[in-house]
Amino acid sequence: MYTLEDIARELGVSKTTVSRALSGKGRISKTTVERVRAFAREHDYRPNMLAQGLAVNKTYNLALFIPMGTLSNDEYSFFKECMVGINDVAADAGYDILMSIERKGMPHLQRLVSNRKADGIILSRTEMNSEEIQFLKKNRIPFVVIGPINDDEIVSVDNPNEEACEELTELFIMKGNRRLVLIGGNEKHYVNESRKTGFVKACRRNGIPANDVKIHMGVDSLSKARQVTEQLPYTSIDGILCMDEYICGMILGSLREKRIKVPEQIKLASMYDSRELEYNIPPVTAIRFRTKNLGRNVCVQMLKMLGEPVTEEYALGYQIILRESTK
(Lines give C-alpha, C1' and ligand atoms only; values in the text may rest on other atoms or scores of the structure.)
Protein backbone atom coordinates (compact mmCIF):
# COMPACT_ATOMS: atom_id res chain seq x y z
CA MET A 1 0.00 0.00 0.00
CA TYR A 2 1.30 3.44 -0.94
CA THR A 3 2.00 6.07 1.72
CA LEU A 4 2.36 9.84 1.36
CA GLU A 5 6.13 9.36 1.35
CA ASP A 6 5.89 6.83 -1.50
CA ILE A 7 3.78 9.16 -3.64
CA ALA A 8 6.10 12.09 -2.94
CA ARG A 9 9.15 10.03 -3.91
CA GLU A 10 7.57 8.67 -7.09
CA LEU A 11 6.45 12.11 -8.26
CA GLY A 12 9.54 14.00 -7.09
CA VAL A 13 7.65 16.41 -4.85
CA SER A 14 7.53 17.02 -1.12
CA LYS A 15 5.29 15.13 1.30
CA THR A 16 3.62 18.42 2.21
CA THR A 17 2.75 19.03 -1.46
CA VAL A 18 1.13 15.58 -1.71
CA SER A 19 -0.85 16.15 1.50
CA ARG A 20 -2.13 19.53 0.33
CA ALA A 21 -3.02 18.22 -3.12
CA LEU A 22 -5.08 15.38 -1.67
CA SER A 23 -6.81 17.51 0.98
CA GLY A 24 -7.43 20.52 -1.27
CA LYS A 25 -5.89 22.81 1.34
CA GLY A 26 -3.05 25.18 0.65
CA ARG A 27 -1.79 26.94 -2.49
CA ILE A 28 -0.75 24.38 -5.09
CA SER A 29 -1.01 24.60 -8.86
CA LYS A 30 -3.95 22.89 -10.50
CA THR A 31 -1.56 20.82 -12.61
CA THR A 32 0.19 19.44 -9.52
CA VAL A 33 -3.12 18.68 -7.79
CA GLU A 34 -4.39 16.75 -10.80
CA ARG A 35 -1.09 14.88 -11.16
CA VAL A 36 -1.04 13.81 -7.49
CA ARG A 37 -4.69 12.79 -7.42
CA ALA A 38 -4.39 10.82 -10.66
CA PHE A 39 -1.43 8.91 -9.22
CA ALA A 40 -3.35 8.25 -5.99
CA ARG A 41 -6.36 6.91 -7.92
CA GLU A 42 -4.21 4.73 -10.16
CA HIS A 43 -2.48 3.12 -7.19
CA ASP A 44 -5.61 2.95 -4.99
CA TYR A 45 -4.08 5.17 -2.32
CA ARG A 46 -6.10 5.32 0.90
CA PRO A 47 -5.19 7.81 3.63
CA ASN A 48 -4.24 6.46 7.03
CA MET A 49 -7.04 7.89 9.18
CA LEU A 50 -5.30 6.88 12.39
CA ALA A 51 -2.18 8.79 11.45
CA GLN A 52 -4.20 11.79 10.30
CA GLY A 53 -6.17 11.72 13.52
CA LEU A 54 -3.04 11.72 15.63
CA ALA A 55 -1.70 14.67 13.67
CA VAL A 56 -4.78 16.80 14.34
CA ASN A 57 -5.76 15.25 17.69
CA LYS A 58 -8.86 13.54 16.27
CA THR A 59 -10.20 9.99 16.38
CA TYR A 60 -12.67 10.40 13.48
CA ASN A 61 -15.18 8.55 15.65
CA LEU A 62 -18.57 9.72 16.86
CA ALA A 63 -20.28 7.90 19.74
CA LEU A 64 -24.03 7.25 19.70
CA PHE A 65 -25.53 6.42 23.09
CA ILE A 66 -28.79 4.50 23.28
CA PRO A 67 -30.63 3.73 26.55
CA MET A 68 -30.60 0.15 27.81
CA GLY A 69 -33.61 -1.83 26.55
CA THR A 70 -34.52 0.50 23.69
CA LEU A 71 -33.57 -1.85 20.86
CA SER A 72 -35.65 -4.65 22.29
CA ASN A 73 -38.88 -2.78 22.87
CA ASP A 74 -40.05 0.85 22.87
CA GLU A 75 -39.11 3.24 20.11
CA TYR A 76 -37.18 0.61 18.15
CA SER A 77 -38.45 1.91 14.79
CA PHE A 78 -37.45 5.47 15.69
CA PHE A 79 -33.88 4.65 16.68
CA LYS A 80 -33.33 2.33 13.72
CA GLU A 81 -34.31 5.03 11.21
CA CYS A 82 -32.38 7.69 13.09
CA MET A 83 -29.20 5.60 13.18
CA VAL A 84 -29.32 5.09 9.41
CA GLY A 85 -29.48 8.86 8.88
CA ILE A 86 -26.62 9.53 11.31
CA ASN A 87 -24.43 6.93 9.62
CA ASP A 88 -25.15 8.34 6.13
CA VAL A 89 -23.73 11.75 7.00
CA ALA A 90 -20.91 10.46 9.20
CA ALA A 91 -19.64 8.09 6.50
CA ASP A 92 -19.61 10.85 3.88
CA ALA A 93 -17.49 12.97 6.22
CA GLY A 94 -15.02 10.17 6.92
CA TYR A 95 -16.25 9.41 10.43
CA ASP A 96 -17.23 6.09 12.01
CA ILE A 97 -20.00 5.53 14.56
CA LEU A 98 -19.37 3.84 17.89
CA MET A 99 -22.70 2.64 19.27
CA SER A 100 -23.13 2.03 22.97
CA ILE A 101 -26.20 0.74 24.79
CA GLU A 102 -25.77 2.58 28.06
CA ARG A 103 -26.57 1.19 31.49
CA LYS A 104 -27.27 3.15 34.66
CA GLY A 105 -24.22 4.73 36.18
CA MET A 106 -22.75 5.75 32.80
CA PRO A 107 -19.83 3.26 32.77
CA HIS A 108 -19.54 3.27 28.97
CA LEU A 109 -19.77 7.04 28.67
CA GLN A 110 -17.21 7.65 31.40
CA ARG A 111 -14.77 5.15 29.90
CA LEU A 112 -15.17 6.54 26.39
CA VAL A 113 -14.50 10.10 27.56
CA SER A 114 -11.53 9.18 29.76
CA ASN A 115 -9.95 7.14 26.93
CA ARG A 116 -10.74 9.82 24.29
CA LYS A 117 -12.26 7.29 21.91
CA ALA A 118 -14.60 9.74 20.16
CA ASP A 119 -14.54 13.37 19.05
CA GLY A 120 -18.20 13.98 19.82
CA ILE A 121 -21.15 12.34 21.55
CA ILE A 122 -24.74 11.91 20.32
CA LEU A 123 -27.28 11.28 23.08
CA SER A 124 -30.27 9.53 21.58
CA ARG A 125 -32.72 10.20 24.39
CA THR A 126 -32.53 12.36 27.48
CA GLU A 127 -34.44 12.60 30.70
CA MET A 128 -35.05 15.70 32.77
CA ASN A 129 -32.04 16.40 35.03
CA SER A 130 -29.96 14.01 32.92
CA GLU A 131 -26.72 12.95 34.60
CA GLU A 132 -25.20 12.25 31.16
CA ILE A 133 -25.65 15.86 30.12
CA GLN A 134 -24.18 17.18 33.35
CA PHE A 135 -21.18 14.86 32.93
CA LEU A 136 -20.53 15.95 29.33
CA LYS A 137 -20.88 19.63 30.23
CA LYS A 138 -18.45 19.27 33.11
CA ASN A 139 -15.88 17.56 30.90
CA ARG A 140 -16.45 20.01 27.99
CA ILE A 141 -17.17 17.25 25.48
CA PRO A 142 -18.97 18.30 22.24
CA PHE A 143 -22.38 16.64 22.17
CA VAL A 144 -25.77 16.81 20.47
CA VAL A 145 -29.10 15.61 21.82
CA ILE A 146 -31.76 13.88 19.74
CA GLY A 147 -35.16 15.21 20.75
CA PRO A 148 -36.44 18.24 22.65
CA ILE A 149 -34.66 19.63 25.70
CA ASN A 150 -35.30 22.58 27.97
CA ASP A 151 -31.82 24.09 27.83
CA ASP A 152 -30.81 26.79 25.35
CA GLU A 153 -27.12 26.02 25.86
CA ILE A 154 -27.47 22.51 24.42
CA VAL A 155 -27.59 21.72 20.70
CA SER A 156 -30.57 19.48 20.00
CA VAL A 157 -32.52 18.35 16.94
CA ASP A 158 -36.08 17.06 17.11
CA ASN A 159 -39.02 15.97 15.01
CA PRO A 160 -41.98 18.38 15.23
CA ASN A 161 -43.59 16.17 17.90
CA GLU A 162 -45.72 18.77 19.62
CA GLU A 163 -47.14 20.13 16.35
CA ALA A 164 -47.83 16.66 14.92
CA CYS A 165 -49.52 15.34 18.05
CA GLU A 166 -51.64 18.46 18.28
CA GLU A 167 -52.82 17.92 14.70
CA LEU A 168 -53.56 14.22 15.29
CA THR A 169 -55.64 15.11 18.34
CA GLU A 170 -57.48 17.75 16.29
CA LEU A 171 -58.39 15.12 13.71
CA PHE A 172 -59.81 12.91 16.45
CA ILE A 173 -61.92 15.77 17.74
CA MET A 174 -63.11 16.79 14.25
CA LYS A 175 -64.46 13.26 13.82
CA GLY A 176 -66.66 13.80 16.87
CA ASN A 177 -64.41 12.03 19.37
CA ARG A 178 -64.30 14.47 22.29
CA ARG A 179 -63.87 12.09 25.22
CA LEU A 180 -60.27 11.06 24.82
CA VAL A 181 -57.62 9.04 26.62
CA LEU A 182 -53.87 9.66 26.20
CA ILE A 183 -51.55 6.79 27.17
CA GLY A 184 -47.81 7.50 27.42
CA GLY A 185 -44.51 6.23 28.74
CA ASN A 186 -41.89 7.71 31.05
CA GLU A 187 -42.88 11.21 32.18
CA LYS A 188 -39.20 12.18 32.56
CA HIS A 189 -38.54 11.86 28.83
CA TYR A 190 -38.68 15.21 27.07
CA VAL A 191 -40.23 13.72 23.94
CA ASN A 192 -43.20 12.40 25.93
CA GLU A 193 -43.67 15.83 27.47
CA SER A 194 -43.77 17.36 23.95
CA ARG A 195 -46.39 14.88 22.78
CA LYS A 196 -48.47 15.42 25.89
CA THR A 197 -48.30 19.20 25.40
CA GLY A 198 -49.58 18.90 21.82
CA PHE A 199 -52.47 16.71 22.96
CA VAL A 200 -53.48 19.08 25.78
CA LYS A 201 -53.27 22.15 23.51
CA ALA A 202 -55.69 20.62 20.99
CA CYS A 203 -58.15 19.66 23.71
CA ARG A 204 -58.09 23.13 25.28
CA ARG A 205 -58.45 24.92 21.97
CA ASN A 206 -61.54 22.87 21.19
CA GLY A 207 -63.13 23.60 24.55
CA ILE A 208 -63.03 20.03 25.85
CA PRO A 209 -63.61 19.97 29.64
CA ALA A 210 -60.73 18.62 31.68
CA ASN A 211 -63.01 15.90 33.09
CA ASP A 212 -63.46 14.50 29.57
CA VAL A 213 -59.70 14.07 29.07
CA LYS A 214 -57.85 11.21 30.76
CA ILE A 215 -54.03 10.93 30.75
CA HIS A 216 -52.15 7.81 31.86
CA MET A 217 -48.35 8.02 31.96
CA GLY A 218 -45.67 5.52 32.94
CA VAL A 219 -47.09 2.70 30.81
CA ASP A 220 -43.86 0.91 29.91
CA SER A 221 -44.79 -2.76 30.26
CA LEU A 222 -47.56 -5.14 29.24
CA SER A 223 -48.71 -5.50 32.83
CA LYS A 224 -49.18 -1.72 33.11
CA ALA A 225 -50.97 -1.63 29.75
CA ARG A 226 -53.35 -4.31 30.99
CA GLN A 227 -53.90 -2.36 34.20
CA VAL A 228 -54.82 0.78 32.26
CA THR A 229 -57.22 -1.04 29.92
CA GLU A 230 -58.92 -2.59 32.96
CA GLN A 231 -59.57 0.87 34.37
CA LEU A 232 -60.92 2.55 31.22
CA PRO A 233 -64.66 3.39 31.25
CA TYR A 234 -65.38 2.21 27.69
CA THR A 235 -68.99 3.41 27.71
CA SER A 236 -67.90 7.00 28.36
CA ILE A 237 -64.82 7.41 26.13
CA ASP A 238 -64.52 7.77 22.34
CA GLY A 239 -60.86 7.23 21.55
CA ILE A 240 -57.37 6.32 22.74
CA LEU A 241 -54.15 8.01 21.61
CA CYS A 242 -50.87 6.22 22.35
CA MET A 243 -47.58 8.12 22.53
CA ASP A 244 -45.57 5.59 20.48
CA GLU A 245 -45.86 2.35 18.53
CA TYR A 246 -44.67 0.15 21.40
CA ILE A 247 -47.36 1.40 23.77
CA CYS A 248 -49.94 1.16 21.00
CA GLY A 249 -49.03 -2.47 20.37
CA MET A 250 -49.46 -3.33 24.05
CA ILE A 251 -52.80 -1.53 24.23
CA LEU A 252 -54.00 -3.37 21.12
CA GLY A 253 -53.11 -6.69 22.73
CA SER A 254 -54.85 -5.76 25.97
CA LEU A 255 -57.97 -4.64 24.12
CA ARG A 256 -58.09 -7.97 22.27
CA GLU A 257 -57.87 -9.83 25.57
CA LYS A 258 -60.90 -7.87 26.77
CA ARG A 259 -62.64 -8.42 23.41
CA ILE A 260 -62.94 -4.67 22.84
CA LYS A 261 -63.16 -4.11 19.10
CA VAL A 262 -61.22 -1.38 17.25
CA PRO A 263 -62.69 0.79 15.73
CA GLU A 264 -66.25 -0.43 16.38
CA GLN A 265 -66.14 0.11 20.15
CA ILE A 266 -63.15 2.41 20.52
CA LYS A 267 -61.03 4.49 18.13
CA LEU A 268 -57.25 4.15 18.40
CA ALA A 269 -54.19 5.99 17.05
CA SER A 270 -50.44 6.17 17.65
CA MET A 271 -48.20 9.24 17.79
CA TYR A 272 -45.47 7.27 15.99
CA ASP A 273 -45.87 4.90 13.05
CA SER A 274 -44.35 1.46 12.40
CA ARG A 275 -44.78 -1.43 10.01
CA GLU A 276 -46.45 -3.43 12.75
CA LEU A 277 -49.17 -0.80 13.06
CA GLU A 278 -49.49 -0.50 9.29
CA TYR A 279 -50.04 -4.27 8.92
CA ASN A 280 -52.13 -4.72 12.05
CA ILE A 281 -55.76 -5.83 11.70
CA PRO A 282 -57.18 -3.26 11.64
CA PRO A 283 -54.35 -0.98 10.43
CA VAL A 284 -53.70 1.80 12.96
CA THR A 285 -53.80 5.55 12.27
CA ALA A 286 -50.39 7.01 13.10
CA ILE A 287 -47.94 9.88 12.58
CA ARG A 288 -45.12 9.17 10.15
CA PHE A 289 -42.06 11.38 10.70
CA ARG A 290 -39.03 11.89 8.44
CA THR A 291 -36.84 10.33 11.07
CA LYS A 292 -33.97 9.41 8.77
CA ASN A 293 -33.58 13.12 7.98
CA LEU A 294 -33.67 13.82 11.71
CA GLY A 295 -30.66 11.54 12.13
CA ARG A 296 -28.88 13.24 9.23
CA ASN A 297 -29.44 16.68 10.76
CA VAL A 298 -28.21 15.48 14.15
CA CYS A 299 -24.95 14.34 12.55
CA VAL A 300 -24.65 17.60 10.57
CA GLN A 301 -24.88 19.60 13.81
CA MET A 302 -22.35 17.30 15.47
CA LEU A 303 -19.86 17.74 12.63
CA LYS A 304 -20.34 21.51 12.63
CA MET A 305 -19.42 21.57 16.30
CA LEU A 306 -16.23 19.70 15.40
CA GLY A 307 -15.34 22.27 12.74
CA GLU A 308 -16.09 20.08 9.73
CA PRO A 309 -17.18 21.86 6.51
CA VAL A 310 -20.73 20.51 6.32
CA THR A 311 -23.50 22.80 5.14
CA GLU A 312 -26.39 20.68 3.86
CA GLU A 313 -29.39 20.25 6.13
CA TYR A 314 -32.36 17.99 5.52
CA ALA A 315 -36.07 18.76 5.57
CA LEU A 316 -38.01 17.51 8.58
CA GLY A 317 -41.75 17.02 8.70
CA TYR A 318 -44.51 14.52 9.24
CA GLN A 319 -47.59 12.98 7.72
CA ILE A 320 -50.68 11.70 9.51
CA ILE A 321 -51.61 8.34 7.96
CA LEU A 322 -55.33 7.74 8.41
CA ARG A 323 -56.20 4.05 8.65
CA GLU A 324 -59.11 1.85 9.71
CA SER A 325 -58.56 2.17 13.46
CA THR A 326 -60.15 5.64 13.48
CA LYS A 327 -62.98 5.11 11.00
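Let's start with a word you'll need throughout: a residue is called buried when its relative accessible area is under 20%, exposed when that value is over 50%, and partly exposed in between, using a 1.4 Å probe and protein chains only. What you have here is a predicted model, where local features need pLDDT of at least 70, side-chain atom pairs count only at pLDDT 80 or more, and totals for chains, interfaces and linings use all residues. Residues are numbered from 1 along each chain as its sequence is written, and side-chain values use heavy atoms, with hydrogens and water left out.

Now to helix α7, which covers residues 131-139. Helices (H or I, at least four residues) and strands (E, at least two) are DSSP runs, numbered from the N terminus. Within α7, Ile133, Phe135 and Leu136 are buried. Looking down the axis of α7, you'd find these buried residues within an arc of 160°, so they line one face of the helix; that arc is taken from the directions from the helix axis to the C-beta atoms. Some helix geometry is handy here: an α-helix has 3.6 residues a turn, so residues three or four places apart point the same way. And what do the buried residues of α7 pack against? Their partners are α6 (107-114), β3 (120-123) and β4 (143-146), with contact meaning heavy atoms within 4.5 Å. Just after α7 comes Arg140, which takes a positive phi of about 55°.

Helix α7 also has a charged residue to follow, Lys137, which is partly exposed at 30% relative accessibility. To see its links, you need the salt bridge: a side-chain nitrogen of Lys or Arg within 4 Å of a carboxyl oxygen of Asp or Glu. Lys137 forms one with Asp151, and the closest N and O atoms are 2.8 Å apart. Asp151 sits in the loop between β4 and β5 (156-157) while Lys137 is in α7, so the pair ties together parts 14 residues apart in sequence. Asp151 is partly exposed, with a relative accessible area of 21%. Lys137 meets Glu153 in a salt bridge too, at 3.7 Å from N to O. This pair links α7 to the loop between β4 and β5, where Glu153 lies, across 16 residues. Glu153 is exposed, at a relative accessible area of 68%.

How many salt bridges does a search of the whole structure find? The count is 18. Another of them joins the side chains of Arg205 and Glu166, at 2.5 Å from N to O. Arg205 is in helix α9 (residues 190-205) and Glu166 in helix α8, 39 residues apart, so to speak a link between distant parts of the chain. Glu166 is buried, with a relative accessible area of 15%. Elsewhere, salt bridges that share partners join Asp273, Glu278, Arg288 and Arg323 into one network.Last stop: the empty space inside. On a 1 Å grid over the protein atoms alone, a cavity is a set of points where a 1.4 Å probe fits but cannot get out, and lining residues have an atom within 4 Å of a point. The structure holds two cavities of 30 Å³ or more, and the second largest has about 40 Å³ of space, a volume being what probe spheres set on the points fill. Helix α8 (residues 161-174) gives the largest share of that lining, three residues.

Definitions and conventions:
On a 1 Å grid over the protein atoms alone, a cavity is a set of points where a 1.4 Å probe fits but cannot get out, and a pocket is an open set with protein on both sides within 12 Å along at least five of seven lines; lining residues have an atom within 4 Å of a point.
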